[in-house]
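Me: I am a first-year student, and I would like a close look at one part of this structure, the place where the two chains come together. Could you take me through it slowly, in connected sentences?

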Amino acid sequence: MLLIRAIVRPEKTGDVLAELMSAGFPAVTKSDVFGRGKQKGMIAGSIQYDEIPKEMLMIVVNDEDKDDVVKIIIRVARTGEKGNFGDGRIFVSPVADAYTISTGKQGL
Amino acid sequence: MKEVMAFIRVNKVNVTKKALAEAGFPSFTCRRVLGRGKKMVDASVFQAVLDHGELPVSHVGEAITEVQRLIPKRFFTIVVEDDCVQKAVETIIRVNQTGNAGDGKIFIFDIYETYQVRTGESTL
């Protein structure tokens, strides 16, 4: 199992969630986050904004579904043809174990 | 060390805090998150609506309104030693289990290093 953490533009989360749902990945957790990237935030004149609001999506998938989910997020969350700075970032990390509370069973 | 990530119901935070403290895990981090689970729209629900002209008053009606909507949840993170993981998971499941869909999920991750900011020591 792998945990996919995608940090995307807040205005794109609705599209990403709908696309994931139709691709068969309904289970998602979303939370508001603030951060800056490699471009050191946004610089407008002499003001630097380095706490830019984003939304973080957390999805746990089986190893073989990882590429599908990552591709969907990249396709939908990108702005314009080539994309722009600030479109976000995706991190993938291994999950050692998972449990469902309602049944107490191990696994996704 | 292992990180235990638990997504639980909003109204279970206090009992979870209490149970974890009694089990010897007083430290935790909690966040407000929104989420949705595996529950999908059942095609038979639409058929029932078409046949009877109204939504059945039951969990079926709930399922049709809940799907694709993000539900507020609480997201607990606790970091424990390897041999305590089972105890922590059992504690969380014991107090959070109602047997219904939506009780939540628990995920376990490996943690390679931790540091205490106050002292700079690499201990849990």
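Reply: Two strands are said to pair if DSSP finds at least two bridges between them. With that in mind, and remembering that this is a predicted model, we can begin at a strand of each chain: β2 of chain A (residues 28-35) and β2(B) pair in the antiparallel sense over 3 bridges. One bridge can be followed by name, since A:Lys30 has B:Leu34 in β2(B) as its bridge partner.

The contact between the chains also takes in other elements, and in total 28 residues of chain B are in contact with 19 residues of chain A. On the side of chain B that touches chain A, at least two residues are supplied by each of β1 (2-8), β2 (29-36), α4 and β4 (105-110) of chain B. The largest share of that side, 6 residues, comes from β4(B), and by class the side holds 13 nonpolar, 8 polar and 7 charged residues.

Within chain B, β2(B) also pairs with β3(B), in the antiparallel sense and over 7 bridges, and here B:Arg31 stands opposite B:Phe75 in β3(B). The strand β3(B) pairs in turn with β1(B), again in the antiparallel sense over 7 bridges, with B:Arg74 in β3(B) as the bridge partner of B:Ile8.

Residues of both chains also belong to the largest nonpolar core, which has 33 residues, and those touching the most other members are A:Val16, A:Leu57, A:Ile59, B:Val4, B:Ala6, B:Val89 and B:Ile106. Two or more residues of this core come from each of β1 (2-8), α1 (13-22), β5 (52-61) and α2 (66-77) of chain A, and likewise from each of β1, β3 (71-80), α4 and β4 of chain B. As a general point, in soluble globular proteins nonpolar side chains tend to be buried together. If we follow B:Val89 and leave aside its neighbours within four places in sequence, we find it in contact with A:Tyr99, B:Val4 and B:Ile106.

Finally, helix α4 (residues 85-96) of chain B has a helix of its own chain packed against it, namely α1 (residues 13-22), at an angle of about 145° and with the axes 9 Å apart; α1(B) passes α4(B) in a right-handed crossing. Here B:Val15, B:Thr16, B:Ala19 and B:Leu20 in α1(B) meet B:Thr91, B:Ile92, B:Val95 and B:Asn96 in α4(B), and the residues of this contact divide into 5 nonpolar, 3 polar and no charged.

Terms used:
Residues numbered from 1 in each chain as written. Chains lettered and ligands numbered in written order. Predicted model: local features only at pLDDT ≥ 70, side-chain atom pairs only at ≥ 80, totals over all residues. Axes fitted to C-alpha atoms, helices over the stretch in contact; angles between N-to-C directions. Helix = DSSP H or I, 4+ residues; strand = E, 2+ residues; numbered from the N terminus. Left-handed = near helix turned anticlockwise from the far one by under 90°. Contact = placed C-beta atoms within 7 Å. Nonpolar A, V, L, I, M, F, W, Y, C, P; charged D, E, K, R; others polar. Core = buried A, V, L, I, M, F, W, Y, C linked by C-beta atoms within 7 Å. Buried ≥ 20, exposed ≤ 12 C-beta atoms within 10 Å, placed from the backbone.
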